[in-house]
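Welcome! Here are some exercises on reading a protein model, each with a worked solution. Have a look at the structure first, then try each task before you read on.

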Amino acid sequence: MDQGTRGELISRLAEAVRSVTTGHPVRVAIDGPPAAGKTTLADELAVVLRGQDRDVIRATIDDFLFPRAQRYRRGQYSAEGCYFDAHDRAALCRVLLDPLGPGGDRRFQHAVYDRDTDAPSSPPATTAPADAVLLFDGVFLLRPELIDRWDLRIFVSVPFEQTIDRARDRGTAPAGSTADAAEIERSWRDRYIPSQQLYFATARPTEHADIVVYNDQLQRPTWEVRPHSSIRGI
């Protein structure tokens, strides 16, 4: 276990990315529960890697959602629906992870869903350089259907109760709406946290992560390299 400043953590993660040797773009999963800080971490890591002249592809699981009617077919607060019905994993592999992986042609799309219109999306394909880095943040990334598609696996860990506080603060800060806070709390307690508990029970994501970041103290995080990881010296 190591502890340091935010900048030290990001520097160590950049070193971990550089330590991965592949003949194709390095595909980095940044997994963790909602409101754990995955997107912020990925964005910060992207800045550092781009400063080191790496071509960085940023993408997120939110752009690989199914339309609302499908992902909420078991109900708005269904944990099983969140885990099984929300994300188009087949499309994620087809248009992004596999093209960037071994034997892929590196022509990829970063999204298949438009959140503004709640409809499928098909942005133009782009060809990635062979030494590019994909930083992909989202939930449930280390489940069995996806686990072998990543070249580096980072899990961002935060106590579930703290994620509720963060989501409430983030979601209600602009308007200060009590109704919004109640809705956020119900979504977390009935859908998001139980779906994470299901994920932990069935997929055991932290056991498959190369690096676990304990992000409860944002400016003083702790991290560890898991024993099975081939990453050293970070």
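**Exercise 1. Find out how the radius of gyration of the protein compares with that of a compact globule.**

Solution. Start with the chain length: the protein has 234 residues, and a compact globule with that many would have a radius of gyration near 17 Å. Next, take the value for this model, which is a predicted one. The protein has 17 Å, so the value agrees with that of a compact globule. For the extent along the principal axes, the C-alpha atoms fill a box of roughly 50 × 40 × 35 Å.

**Exercise 2. Describe the make-up of the protein: its helices and strands, its buried share and its contacts.**

Solution. First, count the elements: there are 8 helices and 11 strands. Second, look at burial: 50% of the 234 residues count as buried. Third, turn to contacts with a separation of 6 or more: residues 24 or more positions apart account for 71% of them. Finally, consider the surface: the protein exposes about 10,700 Å², and carbon and sulfur atoms supply 48% of that area.

**Exercise 3. Is leucine 9 buried or exposed, and which residues does leucine 9 touch?**

Solution. Begin by locating leucine 9, which sits in helix α1 (residues 6-19). Its relative accessible area is 0%, and buried means under 20%, so leucine 9 is buried. Now list its partners, leaving out residues up to four places away in sequence: leucine 9 touches Leu41, Val213, Pro221 and Trp223. As a last step, try a distance: leucine 9 and cysteine 82 are 73 residues apart in sequence and 30 Å apart in space, C-alpha to C-alpha.

**Exercise 4. Do the same kind of check for serine 195 and alanine 209.**

Solution. Serine 195 is found in helix α7. Its relative accessibility is 1%, so serine 195 counts as buried. Not counting residues up to four places away in sequence, serine 195 touches Ala79, Cys82, Tyr83 and Phe140.

Alanine 209 lies in the loop between α8 (205-208) and β10 (211-214). Its relative accessibility is 0%, so alanine 209 counts as buried too. Between alanine 209 and glutamate 44 there are 20 Å in space, C-alpha to C-alpha, and the two are 165 residues apart in sequence.

**Exercise 5. How many residues of helix α5 are buried, and what do they pack against?**

Solution. Helix α5 spans residues 89-97, and 7 of its 9 residues are buried, so the helix is mostly covered. Name them next: they are Arg89, Ala91, Leu92, Cys93, Val95, Leu96 and Leu97. Then look at what lies against them: these buried residues pack against the strands β2 (26-31), β3 (56-60), β4 (107-108) and β8 (133-137), and against the helix α4 (79-84).

**Exercise 6. Describe the largest pocket: its volume, its lining and the classes of its residues.**

Solution. A word on the idea first: rolling a probe the size of a water molecule over the atoms shows where empty space is left. The largest pocket has a volume of about 1,100 Å³. Its lining has 41 residues, and Pro34, Ala35, Asp62, Arg170 and Trp188 lie nearest its centre. The elements giving two or more residues to this lining are α2 (38-51), α3 (68-71), α6 (160-172) and α7 (178-203). Of these, α7 gives the most, with 8 residues. To finish, sort the lining by class: 16 residues are nonpolar, 13 polar and 12 charged.

Notes. Residues numbered from 1 in each chain as written. Predicted model: local features only at pLDDT ≥ 70, side-chain atom pairs only at ≥ 80, totals over all residues. Heavy atoms only, no water. 1 Å grid on protein atoms, 1.4 Å probe; cavity = no way out; pocket = protein on both sides within 12 Å on 5 of 7 lines; lining within 4 Å. Points joined across faces, edges and corners; volume = space filled by probe spheres on them. Helix = DSSP H or I, 4+ residues; strand = E, 2+ residues; numbered from the N terminus. Nonpolar A, V, L, I, M, F, W, Y, C, P; charged D, E, K, R; others polar. Rg over C-alpha atoms; globule rule 2.2 N^0.38 Å. Buried < 20%, exposed > 50% of the residue type's maximum accessible area, 1.4 Å probe, protein only. Contact = heavy atoms within 4.5 Å. Areas by Shrake-Rupley, 256 points an atom, 1.4 Å probe, with all protein chains shown as cover.
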